[in-house]
Each structure stands twice: as C-alpha cells, then as structure tokens.
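Got the model open in your viewer? Keep the selection box handy, and let's walk through it stop by stop.

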2 protein chains.
Amino acid sequence: MNAASDPLARTPIPPYYAVIFTSIRTSDEPEEYAEMAQRMIDLASRRPGFLGVESVRDESSVGITVSYWDSREAIEAWGRDAAHREAQTLGMSVWYERFRLRICRVEEDRVFPVREGQE
Amino acid sequence: MNAASDPLARTPIPPYYAVIFTSIRTSDEPEEYAEMAQRMIDLASRRPGFLGVESVRDESSVGITVSYWDSREAIEAWGRDAAHREAQTLGMSVWYERFRLRICRVEEDRVFPVREGQE
C-alpha cells in the first residue's frame, strides 16, 4: 500500500476493470519480497489507467491483491512492463508457491457508509 | 474458509462472476464476528451457483473476501437470503467500520503452476 492510499480503493463509478491476484507465498526472501511488492504497487500506481489497489496478506502466507484499471488495455500494458516482467519471473521462481490471477469487469460497486456524491 | 477448501478457489473456465468484499473491521465482538463470518461462508457454499471463495484478513483489520458465482442472479439471491440479511445488518451496525463491495464478471483466469487439463 502506498502511503497516501486508503485500504478501500476510491474507484470511479463502474464499469472499470479489476485484477484479482490471490497467492500463497513461499517462506523465501521476506525482505526482498516486501520491497519488490511495494515497488510494484508504486510503479503500477503511476501507470496510465491505474485506478487503485487493495492488498491484504495474512500470517498463514495467503494474500489477495486487487488492482483496479480503466481498461483491459491498461492491464495488458502493465503486464508487459519490463520491471514488472522481472518481478513476475522472480515471483514464479522464488516467492510464490502458487497463485491465481483473474481479470474482471467491475459492473457494480457499493460503499458503506455511503458517501455524499457517490452512488 | 471451510475445512475442505483450497485458499485459491478452484473456479471453472471463465466467464463467471466475482464479489470482491473489502472491509475494515471495528474492534468489536471478535468471537461473534469470526463465528458469523464462518457461518456465512458455510451457508454461501451451499447456495446454487456458488463456485468458491478466497478470504484474507491481516492484523491491521483490513480484509478481502472474494466469492465466485456462476451468475449475477445467484449473487442477488444470496444477497436476499434471510440469514445473510441478518449478518449484513450486524455488519453495518457493529462489525464493519467501512466496506466496499464490487460485483464483477471474470473474463480471464491464469493459474501458476499450470495444472493439467486447465488452460
């Protein structure tokens, strides 16, 4: 999570896109992993089309990170980013035991408590 | 998470639907909350159209639960379930400081490591 962010991403009115990344960490390289995970969030948040991110990992090594984007094209372009590619390679060789990534179109969004000016 | 489940939900080939529920807990009633959260997962998993669930909460009180469904109708029907309604009311009055719920259509799904018979 970058410093300025709310744990609940302040996304616009749908439709928009989400990438749900659910992962099980190995126990390898906790510091390197934490540093790279933060760096990826920082880099993603400067990409065109980025709308926000929500990320949680529990003590049992399971994590869910959801990033929000204005289009599938923005998601694909971030997937091809060189620094991101490098992180993906390390993720698959060192950091993740398993993961599952789902690309979704967000159709509806409800907030509690309801904020003014928001549906 | 129910006993039999994998932390990575074994969902079918897309398209299908996801509900991303991101929440910030109050510090109230931890035992009652844990019990109700488990009960809701057990009930949801017996509903028609339920495909799986992934759920993580960290020490800082932020949680992400993603449930997967075969249709929007199945999601809406679970939203109207009487026991679920009761939990929703308690959630808004006692357990959650804030939450955000997004309903999405999953368009693409990637798994690592790739399993046989899976795309």
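A polar contact here is a pair of N or O atoms within 3.5 Å; within protein, one atom must be able to donate a hydrogen and the other to accept it, and residues adjacent in sequence count only if both atoms are side-chain atoms. With that rule, chain B and chain A share 33 residue pairs in polar contact (both at pLDDT 80 or more).

Before you click further, two notes on how to read things. This is a predicted model, where local features need pLDDT of at least 70 and side-chain atom pairs count only at pLDDT 80 or more, while totals for chains, interfaces and linings use all residues. Residues are numbered from 1 along each chain as its sequence is written, chains are lettered from A and ligands numbered from 1 in the order in which they are written, and side-chain values use heavy atoms, with hydrogens and water left out.

**Stop 1: both chains together**

Colour the two chains differently and look at where they touch. Contact means heavy atoms within 4.5 Å, and on that basis 47 residues of chain B meet 47 residues of chain A. About 4,100 Å² is buried between the two chains, with carbon and sulfur atoms giving 54% of it; buried area is the accessible area (1.4 Å probe) that two parts lose on being put together, summed over both. Now select B:Arg100, B:Arg102 and B:Phe112: in chain B they lose the most area to chain A, together 19% of what that side buries.

How do the copies relate? A rotation of 180 degrees with 0.0 Å of shift along its axis lays chain B on chain A, at an RMSD of 0.0 Å (a least-squares fit on the C-alpha atoms of residues with pLDDT of at least 70 in both copies). The two copies are thus related as by a two-fold rotation axis. Also, 100% of the interface residues of chain B are interface residues in chain A too, so the copies meet through the same surface.

**Stop 2: salt bridges across the contact**

Switch on side chains. A salt bridge is a side-chain nitrogen of Lys or Arg within 4 Å of a carboxyl oxygen of Asp or Glu. Side chains of opposite charge can pair when their charged atoms come close. Over all chains the count comes to 22 salt bridges, and between chain B and chain A it is twelve.

Zoom in on B:Arg98 and A:Asp6, whose closest N and O atoms are 3.0 Å apart in a salt bridge. This pair crosses between chains, from strand β4 of chain B to the segment before β1 (16-25) of chain A. (Strands, E, of at least two residues and helices, H or I, of at least four are DSSP runs, numbered from the N terminus.) Then try A:Glu76 with B:Arg110, another salt bridge at 3.9 Å, N to O.

**Stop 3: the β4 strands**

Select residues 96-112 in each chain. Strand β4 of chain A and β4(B) run antiparallel, joined by 13 bridges; strands count as paired if DSSP finds at least two bridges between them. To check the register, find A:Arg110, whose bridge partner in β4(B) is B:Leu101, and then A:Leu101, which stands opposite B:Arg110.

Stay in chain A and add β1(A), which pairs with β4(A) in the antiparallel sense over ten bridges. A:Ala18 is there, opposite A:Cys104.

**Stop 4: a hairpin and its turn**

Next, select residues 50-57 and 62-69 of chain A. These are β2 and β3, antiparallel and joined by seven bridges, with A:Arg57 partnered by A:Gly63. The two strands form a hairpin with four residues between them. In that loop sits A:Ser61, which has a positive phi of about 85 degrees although it is not a glycine.

**Stop 5: two cis bonds**

Most residues other than glycine have a negative phi, and most peptide bonds are trans. Where are the cis bonds to look at? One runs from A:Pro14 to A:Pro15, with omega near 5 degrees, and A:Pro15 lies in the segment before β1 of chain A. Another joins A:Phe112 and A:Pro113, with omega about -10 degrees; A:Pro113 lies in the segment after β4 of chain A.
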